Amino acid sequence: MPEIRVTPLGAGQDVGRSCILVSIGGKNVMLDCGMHMGFNDDVDDELEIKAYYAGHVLGAAMFQIKVGSESVVYTGDYNMTPDRHLGAAWIDKCRPNLLITESTYATTIRDSKRCRERDFLKKVHETVERGGKVLIPVFALGRAQELCILLETFWERVNLKAPIYFSTGLTEKANHYYKLFITWTNQKIRKTFVQRNMFEFKHIKAFDRAFADNPGPMVVFATPGMLHAGQSLQIFRKWAGNEKNMVIMPGYCVQGTVGHKILSGQRKLEMEGRQVLEVKMQVEYMSFSAHADAKGIMQLVGQAEPESVLLVHGEAKKMEFLKQKIEQEFRVNCYMPANGETVTLPTSPSIPVGISLGLLKREMAQGLLPNAKKPRLLHGTLIMKDSSFQLVSSEQALKELGLAEHQLRFTCRVHLHDSRKEQETAARVYSHLKSVLKDHCVQHLPDGSVTVESILIQAAAHSEDPGTKVLLVSWTYQDEELGSYLTSLLKKGLPQAPS
């Protein structure tokens with residue numbers, strides 16, 4: 001039985017590092033696991049890979065892996081809602097055997113994006129107006145550029161003077177690639193590119209760590225996004241003690257990070273060296289995550305129409321909720337394996353079969369025209385020729401294969417209470433069937449047997465009971481339906497002969 005096996009080695013009921021092992025069509029494929037610099041895989045003729053736009057960050061893609069008639073779609077991170085700089089993820093109705101989808105926001109349905117943007121700008125504006133500093137921890141690629149565009153436009157419109165900085169290094173390089181691959185961005189940015197490159201920021205400058213001690217208001221985008229290390233954590237430690245300041249967390253924070261702790265309401269943090277940091281600055285969470293929410297995940301499942309769904313990169317409890325929702329709405333099996341747990345999915349590969357012209361003509365001669373909405377059963381012989389399958393008539397199959405026809409017959413015994421001789425019993429059977437089966441050819445042969453089409457009926461004496469006769473009813477495979485009917489008819493007995 002063909003099957004697809006999936007084993008998460010990372011991101012099974014967990015948010016964070018991903019690595020998925022898929023066995024499909026006799027091949028092992030590792031997804032989202034990086035690469036070995038010194039090793040090259042072989043250019044495989046049986047393996048097809050198709051990329052779809054994922055909308056998560058610049059260059060993000062979802063992949064369809066196909067071997068023969070079996071296929072798996074793997075999403076990685078994706079976003080079904082267009083934003084200020086990228087379009088929405090999209091996939092066609094590819095109907096894979098399995099869709100493996102991230103589920104970071106499995107239970108979240110976000111409010112209006114415009115409302116969130118207005119709220120974000122209001123919070124930033126209020127903070128800088130009162131002389132406070134705003135820290136926005138971000139990852140270098142994606143939300144950094146999205147929020148930079150948002151603040152750049154707002155600063156231009158309101159004519160604010162407070163400086164905006166982004167941390168140098170990865171974010172600076174990321175902006176360079178956004179400029180380079182402008183065609184991957186959304187339609188609005190591509191249209192205005194000739195007049196102005198949206199990533200050539202006027203109000204946003206590169207950050208130097210010495211700026212963190214400058215007096216007065218400022219806005220700083222710093223990496224990484226969860227406040228677990230690096231420049232964003234260093235700035236947070238400097239600004240945390242001032243209630244004028246604010247930290248805005250724009251995305252998901254993994255449990256155990258400083259970001260997760262302050263979003264959970266913790267205001268006293270134990271840092272390295274057992275130092276306790278008291279958090280007096282305002283803490284806000286505004287989801288500008290580029291992950292699909294629950295509505296987006298359901299939308300992708302509806303677009304792709306997979307046979308089964310497997311959830312990765314999410315928290316177990318949230319996955320369980322989404323799993324039930326997918327199974328109820330789409331009537332497909334949904335799985336959520338833990339790391340190291342293997343899910344095995346039996347597949348039913350479609351095998352293309354050609355139909356001979358003679359067989360089609362025979363069907364059409366019976367007045368049975370093809371109808372795509374009403375599939376019909378065709379009776380024929382399946383032969384394999386030149387590595388392909390073809391359905392032909394049994395006569396054509398015998399001819400092509402050089403075989404002689406053999407006939408298969410079925411025989412059934414029917415007991416009748418009749419003390420007459422075998423010849424008289426056969427005559428009574430003939431008379432009865434002749435009167436009942438008016439549309440069939442019923443014959444009484446010289447040897448005493450009775451035929452109805454290809455069906456042969458013979459009467460014989462019972463070995464132990466002289467008052468009982470045994471009717472041997474024999475028919476070919478083609479007349480199985482009529483043979484079954486005659487057997488049930490004779491089991492009811494014969495009408496009484498006139499005295």
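**Helix packing, the largest pocket and local backbone features**

Helix α1 (residues 113–129) packs against helix α2 (residues 143–158) at an angle of about 65°, and their axes lie 11 Å apart. The structure described here is a predicted model. The crossing of α1 and α2 is right-handed. On the α1 side, the contact is formed by Lys113, Glu117, Phe120, Leu121, Val124 and His125; α2 contributes Glu146, Leu147, Leu150, Leu151, Phe154, Trp155 and Val158. By class, the residues of this contact comprise nine nonpolar, one polar and three charged.

A second helix pair is formed by α7 (residues 294–304) and α8, which pack at an angle of about 35° with their axes 11 Å apart. The crossing of α7 and α8 is likewise right-handed. Ile297, Met298, Val301 and Gly302 represent α7 in the contact, while Leu322, Lys325, Ile326, Glu329 and Phe330 are supplied by α8. Six nonpolar, one polar and two charged residues make up the contact of α7 with α8.

Helix α8 spans residues 316–330 and is followed by a loop that leads to β17 (333–335). Arginine 331 is located in this loop. Although arginine 331 is not a glycine, its phi is positive, at about 55°.

For the pair formed by helix α11 (residues 422–436) and helix α12 (residues 480–491), the axes come within 12 Å and cross at roughly 120°. The arrangement of α11 relative to α12 is therefore oblique. In passing α12, α11 makes a right-handed crossing. The residues in contact are Val429, His432, Leu433 and Val436 of α11, together with Tyr485, Leu486, Leu489 and Leu490 of α12. Seven of the residues in the contact of α11 with α12 are nonpolar and one is polar, with no charged residue present.

The largest pocket encloses about 790 Å³ of space. Its lining consists of 36 residues, of which His56, Gly76, Asp77, His291 and His313 are the closest to the centre of the pocket. Two elements, β3 (27–31) and β5 (61–67), each give two or more residues to the lining of the largest pocket. In terms of residue class, the lining divides into 20 nonpolar, 12 polar and four charged residues.

A further backbone feature is found at threonine 223 and proline 224, which are joined by a cis peptide bond with omega of about 0°. Proline 224 belongs to the loop between β11 (218–222) and α5 (230–239).

How values were computed:
Residues are numbered from 1 along each chain as its sequence is written. This is a predicted model: local features need pLDDT of at least 70, side-chain atom pairs count only at pLDDT 80 or more; totals for chains, interfaces and linings use all residues. Side-chain values use heavy atoms; hydrogens and water are left out. Axes are lines fitted to C-alpha atoms, for helices over the stretch in contact, and angles run from 0 to 180 degrees between N-to-C directions. Helices (H or I, at least four residues) and strands (E, at least two) are DSSP runs, numbered from the N terminus. Angles under 35 degrees count as roughly parallel, over 145 as roughly antiparallel, 65 to 115 as roughly perpendicular and the rest as oblique. A crossing is left-handed if the near helix is turned anticlockwise from the far one by less than a right angle, and right-handed if clockwise. Contact means heavy atoms within 4.5 Å. Ala, Val, Leu, Ile, Met, Phe, Trp, Tyr, Cys and Pro count as nonpolar, Asp, Glu, Lys and Arg as charged, and the others, Gly among them, as polar. On a 1 Å grid over the protein atoms alone, a cavity is a set of points where a 1.4 Å probe fits but cannot get out, and a pocket is an open set with protein on both sides within 12 Å along at least five of seven lines; lining residues have an atom within 4 Å of a point. Grid points are joined across faces, edges and corners, and a volume is the space filled by probe spheres set on the points.
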